[in-house]
Every structure is written in structure tokens, then in C-alpha cells.
Amino acid sequence: MRRSLVLGALIGIGALSLAISGQAPPAGPTANALAATKIEKVKDNLYIITGSGAEDQSAFSGGNTAVFITDAGVTLVDTKLPGWGPTVIERVKTVTNKPITRIINTHTHGDHTGSNEFFGASVESIVHENTKANMAKMDEFKGAKAQFLPKRTYKDKLTVGSGKDQIELYYFGPGHTNGDSFVVFPALRTMHVGDIFAWKALPYIDTANGGSVVEQPRTLAKAVATVKNVDAIINGHIPIGTWNDLKEYAEFTKDFVAYAERSMKAGKSLDQAAAE
């Protein structure tokens, strides 16, 4: 019973950012969103097509999309909202003429998977096995559209490509959802973390898709302890960060969970704990 109360308090407090970000975005790209969505160089052959936070819904395009240019073609990590495929291609063409040959989704949400369909069923697509199961529950991937579900999954770790084109995918446990992938570009010392670190704010947790406020700090701690030789972090919705930003956020979420548990044990109400 006490454990259930802890979970309830954590989910209640953590739901603040979910409520903020859960507002329905405008249908299709708006002028503000198009203006805010730029392609920016991260390192050689690696770019991001910028996303946006929840503070301005008129400029919302979805999460940060990584553009990794390999010898064989372009790998996209996340595809933004539905309707953004043409814009993604337009931005990619400003830096390379190579075709988009692979899509990796960090997790199931529509602001990261929404334009998968635009790129067709023949493009190689990869997600964690739990994310594929979550995507299969979405209307965007039901019925005839099931053909756009990712064809390739992994459980704990997957390596694709080699040398300068190598990509490593890791799963460390539940957090934002139960299928969050950490996507590493080893040669460039860069990692895309999706929305398990969407922005510097309270944890954004989707319990309907297996997310866990309690587990998120442990998952982040495993990532920090396991992944080596990374110095740049592509977050879910904010500008490029550093490895220290990720470590700091991992500690923040750990402290947040510990505080909520202490507050419950002290008999504080949810309102009291949140106010403090």
C-alpha cells in the first residue's frame, strides 16, 4: 500500500510536464514551426533538424531529428509529427544528395514517429522491441498502415554499420516509456537520447506505454555507467547538450524520486510536496 502511494505521488508530480507537453499540436506544419525548424551541424556528417518544446504550440514540429550521413545513405533518428516528411527531406537536401535509407525511432510517440509513413515501407527501420509493440497500438500503424511498422528490433544492444558509419543502439530499462533507445554514433562521440531527457525539467513519463518515474533514474544511471567516449548529447527537444548535462539530469531525477519518497514517509500531501 505504501509503495502504491509513493508511485501515485511520483506519477502525480511527474505528470506536470506530461500535461504541458500533451497539448494537441497544430495540424500540419505552421509558418512559425517551419521557421523554427532548422538543420544544424553537430559534427562531421551529423546534423539535427531542430524540434521544439511545449512552450509555443504554434512552432511545434516534434522532437529533434538526427541526420547521419553514411557511405550507404542517410540515417534519420526520429521523424517528427505527421506531415513533416517533405520538410525533413528538404532540410536534408541542403547538406547531402544521398537518399534516406534508414530510420531509427527513439520511442513510440507521434512527435518522433509521425512521418515514418512518408518514407515508405522499404526504408530500413529499427526500434526497441517494446517500442514496436507500442507503435502497433497507435492508429497511425493499424490496418493497412501496419506495413510502416519497423521491421527490425533489438532487446538490449544492436550495432549497425561499421567504422565511421557505425551506430550502436542501447536499451537500459524503462523511463519515459518502456522502449527508450539510446542511439550512439561512436566515431563522433555523440548520443541521441530522445525524450528520456527531453528537456531540463521534471521527468516526462508515459505510464500507458510502460514508462516509470521510479525506474527512470536507474535507467539513466545505467546509461551513464555503460556508454563510453561520448561528449555531445542530442536531447529530445532542446539544443545540443553535453555528457555532463546527462549526468546532471540523471542525478536530478534520482534526487526527485528520493524527495518524493521522503515526502510520503513524512506524511506530506501531494500538494505540500509539490509546493516545496
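Which residues does Ile-89 touch, not counting residues up to four places away in sequence? The points below begin with that residue and then move through the sheets, a helix and the enclosed spaces.

1. This note concerns a predicted model. In it, Ile-89 touches Ile-100, Phe-118 and Phe-119, when residues up to four places away in sequence are not counted. Ile-89 belongs to helix α3, which spans residues 85-92. Its relative accessible area is 25%, so Ile-89 is classed as partly exposed; the label buried is kept for values under 20%. Ile-89 and Pro-99 are ten residues apart along the chain, and their C-alpha atoms are separated by 9.1 Å.

2. Strand β5 covers residues 100-104, and four of its five residues are buried, so the strand is largely enclosed by the rest of the structure. Strand β4 (residues 74-77) pairs with β5 in the parallel sense, over four bridges. Within this pairing, Leu-76 has Ile-103 of β5 as its bridge partner. As general background, the strands of a sheet pair through backbone hydrogen bonds, either parallel or antiparallel.

3. Ile-103 also appears in the lining of the largest cavity. The space in this cavity is about 50 Å³, and the structure holds two cavities of 30 Å³ or more. Besides Ile-103, the lining includes Asn-116, Gly-120, Phe-148 and Lys-151. By class, the lining of the largest cavity divides into five nonpolar, four polar and one charged residues.

4. An open sheet is formed by six strands in the order β8-β9-β10-β11-β12-β13, with mixed pairing. Its edge strands are β8 (157-160) and β13 (241-242), each of which pairs on one side only. Inside that order, β10 and β11 (residues 190-194) run antiparallel and are joined by three bridges. One bridge to examine is that of Val-183, whose partner in β11 is His-192.

5. Helix α6 spans residues 216-226, and its buried residues are Gln-216, Pro-217, Thr-219, Leu-220 and Ala-223. These residues cover an arc of only 160 degrees around the axis, which puts them on the same side of α6. What covers them includes β10 (182-185) and α7 (243-265). The strand β10 therefore links this point to the previous one, since it is part of the cover over the buried residues of α6.

6. Gln-216, a buried residue of α6, also lines the second largest cavity. About 30 Å³ of space lies in that cavity. Other residues of its lining include Asp-195, Trp-199, Pro-203, Tyr-204 and Tyr-249. The classes here are eight nonpolar, one polar and one charged.

7. The second largest pocket has a volume of about 200 Å³. The elements that give two or more residues to its lining are α6 and α7. Of these, α7 gives the most, with seven residues. Among the lining residues are Pro-217, Arg-218, Ala-221, Lys-247, Glu-251 and Glu-261. The lining of the second largest pocket has seven nonpolar, no polar and five charged residues. Pro-217 thus appears both among the buried residues of α6 and in the lining of this pocket.

Technical notes. Residues numbered from 1 in each chain as written. Predicted model: local features only at pLDDT ≥ 70, side-chain atom pairs only at ≥ 80, totals over all residues. Heavy atoms only, no water. Buried < 20%, exposed > 50% of the residue type's maximum accessible area, 1.4 Å probe, protein only. Arc of directions from axis to C-beta. Contact = heavy atoms within 4.5 Å. Pairing = 2+ DSSP bridges. 1 Å grid on protein atoms, 1.4 Å probe; cavity = no way out; pocket = protein on both sides within 12 Å on 5 of 7 lines; lining within 4 Å. Points joined across faces, edges and corners; volume = space filled by probe spheres on them. Nonpolar A, V, L, I, M, F, W, Y, C, P; charged D, E, K, R; others polar.
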